[in-house]
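Trainee: Please take me through the reading of a predicted protein–DNA model, one feature at a time.

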Protein chains: 2
Amino acid sequence: MSYGLRVRSYAQYCAVARALDVIGDRWNLLIVRELLLRGACRYTDLLNGLPGIATNLLADRLRELEQAGIVARYEAPPPIAAALFSLTARGEQLKDVLIELGRWGTELMAEPIGDDAFHSHWLAFPAELYLEDQTPDRPPIAIELRIGGDTTTLETVDGGVHTRAGAAEDPDLILTGNPQAILGLLTGRLDVATAQARGLEHQGSTTVLRRLQPGKRPPG
Amino acid sequence: MSYGLRVRSYAQYCAVARALDVIGDRWNLLIVRELLLRGACRYTDLLNGLPGIATNLLADRLRELEQAGIVARYEAPPPIAAALFSLTARGEQLKDVLIELGRWGTELMAEPIGDDAFHSHWLAFPAELYLEDQTPDRPPIAIELRIGGDTTTLETVDGGVHTRAGAAEDPDLILTGNPQAILGLLTGRLDVATAQARGLEHQGSTTVLRRLQPGKRPPG
DNA sequence: CAGCATCCGCTTTGATACTG
DNA sequence: CAGTATCAAAGCGGATGCTG
């Protein structure tokens, strides 16, 4: 039982510095990302969702974030009977920080994926935040994304775009391929022909893609 | 000459993770803060503006940020004859990240200042970003802030608030005091009486303060 | 198996001293 | 002024062990 309560601080009376005192340490914002995108998680869900983190670090970070009022830990009711971690209201407010960080970082996604890990729910950031349905009055569309084993569905809702895990019921388009070809296509960085040359396959009409364009504040 | 080009990466194909690969290391965002608030800086300006940073770390970080295309280094023309650092366009885009981070962190400014360092230009963040002039049609106002030796001026412009170093010509109000009393007053967390009890002194009419209120997206 | 704690080698950081 | 050099301490990542 060693609990060294972290205290390293920038010691600057500045809002940015004080924010970084709390969430600036390695892995902290990515833990928040996972909880934001996936909702309440068990310890092992987080471990899987954060490839590369050491298990002791995750435990430490969760304690620190809990103490900072960002993460709440609670025992799940009998059916599950496990410890669950979720964001507090204060933690949810970090969403705006992550949005801006993701927007700024989207440009970096053009770099080849190399050996980077990929989880399809991470796509929710670029998709939900930067895409808009250009013709919201027409019937909604659904696009099914099949990336390395798992399937994600992208649906238009109220002029925006929503993502969820799993297959679509009656998709207008099915895209199968690697993460960067699909992301390149969705962000408009690649056209259909180029994306196909890079490993994308499709089934259905790609014209629905024209309805989804980067909105007023495009990333990069 | 030891140059170990940092490569530690989260190795995750996610926009947030890739952004943090570049600007997530300790001190990086604070260096950007300084360059954003003060414009082009010399090495020693940055060293002074970042109390607590080790000089070798600053040198390392500037190299990394330069290589990442965030900071530009150039030799100033003859009159100055020194190396200057400034943000590139890509670096300026981090402003939105810092704004959200600062907004989130403002709540933490309620904690006592303790031994934290303070530079008055750091006030520009809360003041410019969160305050609005409620009656922009009336003649502009100027408030002079005197905090621990140096003086900052706060002026209303187009319904917003602008800050600059130095004294005001004909201030409507002069506030003298410690950082947290002044910040508490400006953010509306403290009223005039309470702020006075905590060390604030004023000269002029405090009613102008009512014109400056937190805008539609208040911090915290 | 879920949820950690411990140990260990390596890297990063921080404080200080020194140099052109 | 603008850094480099040195070194101790802390943090991180990986492996493994322990407990319900």
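Trainee: Which helices and strands each supply at least two residues of the surface near DNA strand D?

Mentor: A residue is near a strand if one of its heavy atoms lies within 4 Å of it. Helices (H or I, at least four residues) and strands (E, at least two) are DSSP runs, numbered from the N terminus. Here, chain A contributes helix 4 (55-67), and chain B contributes helix 3 (43-49), helix 4 (55-67) and strand 2 (83-87). The model is predicted: local features need pLDDT of at least 70, side-chain atom pairs count only at pLDDT 80 or more, and totals for chains, interfaces and linings use all residues. Residues are numbered from 1 along each chain as its sequence is written, chains are lettered from A and ligands numbered from 1 in the order in which they are written, and side-chain values use heavy atoms, with hydrogens and water left out.

Trainee: How many nonpolar, polar and charged residues does the surface near DNA strand D have?

Mentor: Ala, Val, Leu, Ile, Met, Phe, Trp, Tyr, Cys and Pro count as nonpolar, Asp, Glu, Lys and Arg as charged, and the others, Gly among them, as polar. This surface has nine nonpolar, seven polar and seven charged residues. Of the 23 residues around the strand, those that come nearest are Arg26(A), Trp27(A), Leu57(A), Arg61(A) and Thr44(B).

Trainee: Which parts of DNA strand D lie within 4 Å of the protein?

Mentor: Of the strand's atoms within that distance, 74% belong to sugar or phosphate and the rest to bases. Individual polar contacts (pairs of N or O atoms within 3.5 Å; within protein, one must be able to donate a hydrogen and the other to accept it, and residues adjacent in sequence count only if both atoms are side-chain atoms) add detail. Side-chain N or O atoms lie 2.7 Å from a phosphate oxygen in the case of Arg26(A) and 2.9 Å from one in the case of Arg61(A). For Thr55(B), the partner is a base nitrogen, at 3.3 Å.

Trainee: How many aromatic pairs does a search of the whole structure find?

Mentor: Rings of Phe, Tyr and Trp (its six-membered ring) pair if their centres lie within 6.5 Å; planes under 30 degrees apart count as stacked, over 60 as edge-to-face and the rest as tilted. The search finds six pairs over all chains. Trp27(A) and Tyr10(B) form an edge-to-face pair, with 4.7 Å centre to centre and 70° between the planes. Trp27(A) lies in the loop between helix 1 (15-23) and helix 2 (28-38) of chain A, and Tyr10(B) in the segment before helix 1 (15-23) of chain B, so the pair joins two chains.

Trainee: Is Trp27(A) buried or exposed?

Mentor: Buried means under 20% relative accessible area, exposed over 50%, and partly exposed in between (1.4 Å probe, protein chains only). Trp27(A) is buried, at 5%, and Tyr10(B) is buried, at 7%.

Trainee: Which charged end sits over the ring of Tyr10(B)?

Mentor: A charge sits over a ring if NZ of Lys or CZ of Arg is within 6 Å of the ring centre and within 35 degrees of the ring normal. For Tyr10(B), the charge is that of Arg26(A), 4.3 Å from the ring centre. Arg90(B) likewise lies over the face of Trp104(A), at 3.9 Å.

Trainee: What is phi of Asp158(A) near?

Mentor: Phi is near 55°, a positive value in a residue other than glycine. Asp158(A) is in the loop between strand 5 (150-157) and strand 6 (160-165) of chain A, and is exposed, at 80% relative accessible area.
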